[in-house]
Amino acid sequence: MSDLNEGKSELRRIRESAKLTRSELGRRIGVSERQIYDWENGIKLPRIDRAVALARELGVSLQTVCGAMGLDVTGVPDETL
């Protein structure tokens with residue numbers, strides 16, 4: 001039996017666990033399905049406002065979104081001012 005998550009990016013796994021398609025997520029945050037694909041596959045990184053929108057729609061922290069895209073968030077506080 002193979003692992004269904006094998007080969008999937010962390011961002012894609014988060015999106016799928018939120019039960020959203022690329023198209024649905026893109027529509028909710030105002031970007032194309034292709035942009036979501038590019039972010040999930042490490043081709044491009046979103047602007048900070050789009051990363052915040054991703055975190056909001058996926059129900060995860062901004063640190064989680066950044067980490068899922070391969071950014072090192074070590075030592076970055078995850079708290080409000």
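**Close-up views of a five-helix chain**

**Figure 1. Glu-40, a residue of helix α3.** Glu-40 is found in helix α3. The model shown here and in the other views is predicted. Buried or exposed: how does Glu-40 count? Its relative accessibility is 5%, so Glu-40 counts as buried, the cut-off for that class being under 20%. Leaving aside residues up to four places away in sequence, Glu-40 touches Ser-9, Leu-11, Arg-12, Arg-15 and Arg-22.

**Figure 2. The contact of α1 with α3.** The axes of these two helices come within 8 Å and cross at roughly 130°. The two helices are therefore oblique to each other, since that angle lies outside the range of 65 to 115 degrees for roughly perpendicular and is not over 145. On the α1 side, the contact is made by Leu-11, Arg-12 and Arg-15. On the α3 side, Ile-36, Trp-39 and Glu-40 take part. Sorted by class, the contact of α1 with α3 has three nonpolar and three charged residues, and no polar ones.

**Figure 3. The contact of α2 with α3.** Helix α2 covers residues 22-29 and helix α3 residues 33-40. They pack at an angle of about 110°, and their axes lie 8 Å apart. How are α2 and α3 oriented to each other? They are roughly perpendicular, because angles of 65 to 115 degrees fall in that class. From α2, the residues in contact are Arg-22, Ser-23, Leu-25, Gly-26 and Ile-29. From α3, they are Glu-33, Ile-36, Tyr-37, Trp-39 and Glu-40. The residues of this contact comprise five nonpolar, two polar and three charged. Ile-36, Trp-39 and Glu-40 are also on the α3 side of the contact with α1.

**Figure 4. The buried and exposed sides of α2.** Which residues of α2 are buried? They are Arg-22, Leu-25, Gly-26 and Ile-29. These buried residues span an arc of only 100° around the axis, and therefore sit on the same side of α2. Arg-27 and Arg-28, on the other side of the helix, are exposed. The cover over the buried residues of α2 includes α1 (10-17), α3 and α4 (48-58). Gly-30, just after α2, takes a positive phi of about 80°.

**Figure 5. The buried residues of α4 and the glycine after the helix.** In α4, the buried residues are Ala-51, Ala-53, Leu-54, Ala-55 and Leu-58. What do they pack against? Their partners are α1, α2, α3 and α5 (62-68). Gly-59 follows α4 and has a positive phi, near 70°.

**Figure 6. The whole chain, for orientation.** The chain has five helices and zero strands, and along the sequence its pattern reads α-α-α-α-α. Its C-alpha trace spans about 45 × 30 × 20 Å along the principal axes. For 81 residues, a compact globule would have a radius of gyration near 12 Å, and the 13 Å of the chain agrees with this. Of the 81 residues, 31% count as buried. Among contacts between residues at least 6 apart in sequence, 36% join residues at least 24 apart.

Conventions:
Residues are numbered from 1 along each chain as its sequence is written. This is a predicted model: local features need pLDDT of at least 70, side-chain atom pairs count only at pLDDT 80 or more; totals for chains, interfaces and linings use all residues. Side-chain values use heavy atoms; hydrogens and water are left out. Axes are lines fitted to C-alpha atoms, for helices over the stretch in contact, and angles run from 0 to 180 degrees between N-to-C directions. Helices (H or I, at least four residues) and strands (E, at least two) are DSSP runs, numbered from the N terminus. Angles under 35 degrees count as roughly parallel, over 145 as roughly antiparallel, 65 to 115 as roughly perpendicular and the rest as oblique. Contact means heavy atoms within 4.5 Å. Ala, Val, Leu, Ile, Met, Phe, Trp, Tyr, Cys and Pro count as nonpolar, Asp, Glu, Lys and Arg as charged, and the others, Gly among them, as polar. Buried means under 20% relative accessible area, exposed over 50%, partly exposed in between (1.4 Å probe, protein chains only). The arc is that of the directions from the helix axis to the C-beta atoms. The radius of gyration is taken over C-alpha atoms; the globule rule is 2.2 Å times the number of residues to the power 0.38.
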